[in-house]
Amino acid sequence: MLGVTIAVMTIATIDVALDKAAARRAEQRVVDLDCLARNIYYESRGEPLVGQYAVAEVTMNRVRSPEFPNSVCGVVSHRGAFSWTYNKDTLAEPYGYEWRRAKAVADSVYDNLESPLVNGALFYHATHVSPNWAATRTQVALVGRHLFYL
């Protein structure tokens, strides 16, 4: 009977550990989605929907790249990565239709529900600027008003 009691206790312990791990993943998802949606909103809210997907894809490509932090919020807040983060303390909170759309795009891209648009791109810039680094990268796409690079 002691063996059965230990087995039941072990299963219960495993269940609790699994529940805690699932809760941590769910909490991290909420944080990640907020960071990703804010990046989409501030970087590309004036872009067509496909452009917002492309910006989100670059963010997630960076999460998977050893060249960048390995979390969504780490990538978004990485020094010099996205221009809006320089002024984030003075920006208005996201709102309205564009915010709801950014959150929907974030959710879809985070869960890999869309086919890739920008072939592993890690960098992009608006078409109206010409950053020095662009000459050292391979352009892979033009989406909306942004150029995307490896």
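The following dialogue concerns the reading of the strands, sheet and salt bridges in a predicted model.

Q: What kind of model is this, and how are its residues numbered?

A: The model is predicted: local features need pLDDT of at least 70 and side-chain atom pairs count only at pLDDT 80 or more, whereas totals for chains, interfaces and linings use all residues. Residues are numbered from 1 along each chain as its sequence is written, and side-chain values use heavy atoms, with hydrogens and water left out.

Q: In what order do the three strands of the open sheet stand?

A: Strands (E, at least two residues) and helices (H or I, at least four) are DSSP runs numbered from the N terminus, and two strands pair if DSSP finds at least two bridges between them. Here the order is β1-β3-β2, with antiparallel pairing. Because β1 (123-126) and β2 (139-143) each have a single partner strand, they stand at the edges, and one side of each lacks a neighbour in the sheet.

Q: How many bridges join β2 to β3?

A: There are four, and β3 comprises residues 146-149. One bridge partner is H146 in β3, which is matched with V143.

Q: Which helix packs on the sheet?

A: Contact means heavy atoms within 4.5 Å. Angles run from 0 to 180 degrees between N-to-C directions, the axes being lines fitted to C-alpha atoms, for helices over the stretch in contact. Helix α2 (residues 49-64) touches β1, β2 and β3, and its direction makes about 145 degrees with that of β1.

Q: How many salt bridges does the rule give?

A: A salt bridge is a side-chain nitrogen of Lys or Arg within 4 Å of a carboxyl oxygen of Asp or Glu. The count is six. One of them joins E93 to R38, with the closest N and O atoms 2.9 Å apart. E93 lies in the loop between α3 (72-77) and α4 (96-110) and R38 in helix α1 (residues 2-44), so the pair ties together parts 55 residues apart in sequence.

Q: Which parts of the chain does the pair R145 and E47 link?

A: The side chains of R145 and E47 form a salt bridge (3.4 Å, N to O). R145 is in the loop between β2 and β3 and E47 in the loop between α1 and α2, 98 residues apart.

Q: Is E47 buried or exposed?

A: Buried means under 20% relative accessible area, exposed over 50%, and partly exposed in between (1.4 Å probe, protein chains only). At 5%, E47 is buried, whereas R145 counts as partly exposed at 48%. E93, at 52%, counts as exposed.
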